[in-house]
Amino acid sequence: MYSVLRRLLFCLSPERAHHVSLALISLLEKVGLSFLIAPSIPDKPRTVMGIEFPNPVGLAAGLDKDAKHINGLAALGFGFIEVGTVTPLPQPGNPQPRLFRLPEAQAIINRMGFNNLGLEHLIEQVKSSGFKGVLGINIGKNKDTPAERAVDDYLLGLRGVYPHASYITVNLSSPNTPGLRDLQFGEPLVALLAALKKEQLSLAQSHGKYVPMAVKIAPDMAEEDIRNVAEVFVEQGIDGVIATNTTIARDAVTGLKHGDEMGGLSGGPVRESSTRVIRILADALQGRLPIIGVGGISDGASAAEKMAAGAALVQVYTGFIYQGPVLIAEAAAAIAQYEAS
Ligand code: FMN
C-alpha cells in the first residue's frame with residue numbers, strides 16, 4: 001500500500017509531500033483507520049535512561065518539528081517519538097527549495113534550518129495531544145542568537161519543555177545553523193553542558209521528577225574527538241547520546257542529481273559513518289551511558305547493525321520516508337532476532 005502512496009507522494013515537491021503525508025497520517029489516526037497503514041509490532045519493552053520504551057524503534061527528530069502529528073505517528077507503532085528541533089522563538093528557516101530527494105542513494109539532503117513555530121507553540125501542541133507514550137523533545141538555538149549566547153537559548157528550551165518531555169535532546173549537530181556544531185567541542189561544550197546540567201537538577205527538584213537529557217552529535221567527527229566528548233558527557237552527568245545527525249560529507253553522492261546541494265545528507269550514505277561513531281562511543285563509554293543509534297537505517301539488517309555496534313535504541317527518518325511504516329516492523333523484528341541470538 002505504501003509503495004503506491006509513495007509513487008503519488010514522490011510526484012509532489014519533497015516539502016509538499018512531507019506536509020501531505022503527515023496530514024494523512026494524522027487524519028487516519030483521528031478517524032481510527034491507522035491500522036490501514038500501521039504494521040503490527042509486538043511489544044519488546046526495555047528501560048533506557050530510566051524510561052520504559054515499549055519497543056526500541058523510534059522516530060528521529062525533524063520530521064515533526066512542531067509536534068503537530070504525535071498521535072498519528074505514534075499510531076504507526078513507533079516505540080517513541082522525538083519532536084523538534086524547537087527554538088525559543090519561531091523562525092522561518094532557510095528559503096525554499098531546501099529539501100532534496102536522492103532516490104538512487106535512498107538519501108535526502110536538507111537545509112531546512114530549524115524552521116519551526118517556536119517553543120510556546122510546541123508546548124501547546126504537546127499538551128493538547130494528550131500523548132501518553134515516550135516523547136523526546138529536541139531543543140536548539142535560534143539562528144539570530146549569537147554563539148556566545150547559545151546557552152541562553154538552550155536554557156529557555158530546557159525550562160520550557162521540561163514538564164512535557166520523557167527525555168530532552170540537546171541538538172548540537174545540525175549543519176544548517178551556522179556555528180552550532182562548534183558547540184560539540186572543547187570549552188564551549190563543557191560550559192554549555194555544565195549550565196544545562198545545573199538547570200536540569202534544579203528543575204528536577206522544583207517539578208519533583210527527573211527528566212533525562214541526551215546530546216545529539218554529528219557523524220563527521222574524528223575518533224579522538226568522539227572519545228573526548230564521551231568523557232565530557234560522563235563527567236557532566238549527561239544521560240544519553242544520540243548518534244548521529246546528518247553528514248556534511250558528499251563523497252557517496254557526487255555525480256547524483258542534487259548531490260552537490262548544501263545541507264545535511266541522510267539515509268543510505270550516512271549509515272556507515274553513523275555506525276562508526278556508535279562503535280567508537282560504545283568502546284569509549286563501556287556502558288556508562290546509553291547510545292541511541294540513528295543514521296541510514298533502511299531495513300532490518302541496518303537496524304540490527306546499530307544494536308551490534310552498541311546502541312540501546314534506534315531511530316529512523318530517511319528510511320521511513322522511502323520504505324514507509326513497514327520499516328518500523330522490520331527494524332523491530334531484526335532487533336528482536338539479534339537480541340535472541
Ligand atoms: N535532526 C535534529 O536533531 N533536528 C532536526 O530538526 C532535524 N531535522 C531534519 C530534517 C530532515 C529533512 C532530515 C532528513 C533530517 C533531520 N534531522 C534532524 C536529522 C535526523 O533526525 C537524523 O538524525 C538523520 O537524518 C540521520 O538519520 P536517517 O538517515 O535515518 O535520516
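## Around the ligand

Three strands stand out around the ligand in this predicted model: strand 4 (80–86), strand 6 (107–110) and strand 11 (264–267) each give at least two residues to the shell. In total, 24 residues surround the ligand, and the closest are A61, T85, G267, G296 and T318. By type, the shell splits into 14 polar, 8 nonpolar and 2 charged residues.

Now for the polar contacts. T318 puts a polar side-chain atom 2.6 Å from an oxygen atom of the ligand. G267 uses its backbone instead, with an N or O atom 2.8 Å from a ligand oxygen. K216 joins in through its side chain, where an N or O atom sits 2.9 Å from an oxygen atom of the ligand. As for cover, the ligand taken alone exposes 610 Å², and the protein buries 98% of that.

## A nonpolar patch on the surface

Over on the surface, M1, L24, L27, V31, L33, F35 and L36 make up a nonpolar patch of about 680 Å². F35 is a handy residue to look at here: find it in the loop between helix 2 (14–30) and strand 1 (46–48). F35 has a relative accessible area of 56%, so it counts as exposed, the cut-off being over 50%.

## Two cis peptide bonds

Most peptide bonds are trans, but here are a couple of cis ones to check in your viewer. The bond from Q96 to P97 is cis, with omega near 0 degrees. You'll find P97 in the loop between strand 4 and strand 5 (99–102).

A243 and T244 are also joined by a cis peptide bond, this time with omega at about 10 degrees. T244 belongs to the loop between strand 10 (240–243) and strand 11. Strand 11 has come up already, as one of the strands that supply at least two residues of the ligand shell.

## Two positive phi angles

Most residues other than glycine have a negative phi. M49 goes the other way, with a positive phi near 55 degrees. Its place is the loop between strand 1 and strand 2 (51–53). Is M49 buried or exposed? With a relative accessible area of 15%, M49 is under the 20% cut-off and therefore buried.

F114 isn't a glycine either, yet its phi is positive at about 50 degrees. Look for F114 in the loop between strand 6 and helix 4 (119–129). F114 comes out at 4% relative accessibility, so it counts as buried too.

Conventions
Residues numbered from 1 in each chain as written. Predicted model: local features only at pLDDT ≥ 70, side-chain atom pairs only at ≥ 80, totals over all residues. Heavy atoms only, no water. Near = heavy atom within 4 Å. Polar contact = N/O pair within 3.5 Å; in protein donor to acceptor, adjacent residues only side chain to side chain. Areas by Shrake-Rupley, 256 points an atom, 1.4 Å probe, with all protein chains shown as cover. Helix = DSSP H or I, 4+ residues; strand = E, 2+ residues; numbered from the N terminus. Nonpolar A, V, L, I, M, F, W, Y, C, P; charged D, E, K, R; others polar. Patch = residues over 30% accessible without salt bridge, like charges linked within 9 Å, V, L, I, M, F, W, Y side chains within 5 Å. Salt bridge = Lys/Arg side-chain N within 4 Å of Asp/Glu carboxyl O. Buried < 20%, exposed > 50% of the residue type's maximum accessible area, 1.4 Å probe, protein only.
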